[in-house]
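The following explanation concerns charged side chains, their pairing and their exposure. Please consult the sequence and the structure while reading.

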Amino acid sequence: MSTIKQFQVTFDCAEPARLAAFWCEVLGYVVPTVPEGFATWEEYHLSLPPEDEVYFACADPSGAAPRLLFQRVPEGKIVKNRVHLDVRIGTGLVGDERLATLEAECARLMALGAKHVLTQRADGINESCITMQDIEGNEFCLA
């Protein structure tokens with residue numbers, strides 16, 4: 001049986017470079033090195049045939065977490081995501097301490113252009129989490 005060693009999460013989007021920059025800020029990721037022979041990713045993309053997809057990626061600098069790829073598509077987002085990212089900043093925290101940590105991160109991300117959708121407070125079974133949207137409307141959770 002084969003073992004999966006790595007995977008990436010791919011987002012369809014309108015502005016790959018902008019969305020990659022947003023998620024680099026959210027997760028502390030970095031944009032991979034520009035291909036050899038090119039000064040910038042823009043220069044690289046301009047060298048491609050017009051029919052090739054424009055994309056940008058961002059990666060965990062430690063290499064431990066999955067790479068994110070953002071590819072331009074012509075259609076806009078219509079409905080709720082079928083897959084979303086949980087940004088786990090409250091791991092190990094409970095109650096008011098967890099909620100305060102989530103709210104502080106929510107405020108930081110809103111300053112980057114994210115949108116607050118819903119705060120779900122702890123209910124005795126589940127801990128608090130916050131549902132947000134990135135700069136293109138993709139849902140994600142602070143958990």
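Glutamate 105 is buried in this predicted model, because its relative accessible area of 13% falls under the 20% limit for that class. Its partner in a salt bridge is arginine 108, and the closest N and O atoms of the two residues are 2.9 Å apart. Arginine 108 has a relative accessibility of 32% and is therefore counted as partly exposed. The pair thus joins a buried glutamate to a partly exposed arginine. Both residues belong to helix 3, which spans residues 95–111. Three residues separate glutamate 105 and arginine 108 in this helix, a spacing of about one turn.

How many salt bridges does the structure hold? There are two. Besides the pair in helix 3, a salt bridge links the side chains of glutamate 15 and arginine 18, with an N to O distance of 3.6 Å. Here glutamate 15 is partly exposed, at a relative accessible area of 39%. Arginine 18 is likewise partly exposed, at 42% relative accessibility.

A further glutamate deserves attention. Glutamate 139 is located in strand 7, which comprises residues 139–142. Is this side chain's residue, glutamate 139, buried or exposed? Glutamate 139 is buried, since its relative accessible area is 14%. When residues up to four places away in sequence are left aside, glutamate 139 touches Lys77, Lys80, Asn81, His84, Leu85, Met132 and Gln133.

How values were computed:
Residues numbered from 1 in each chain as written. Predicted model: local features only at pLDDT ≥ 70, side-chain atom pairs only at ≥ 80, totals over all residues. Heavy atoms only, no water. Salt bridge = Lys/Arg side-chain N within 4 Å of Asp/Glu carboxyl O. Buried < 20%, exposed > 50% of the residue type's maximum accessible area, 1.4 Å probe, protein only. Helix = DSSP H or I, 4+ residues; strand = E, 2+ residues; numbered from the N terminus. Contact = heavy atoms within 4.5 Å.
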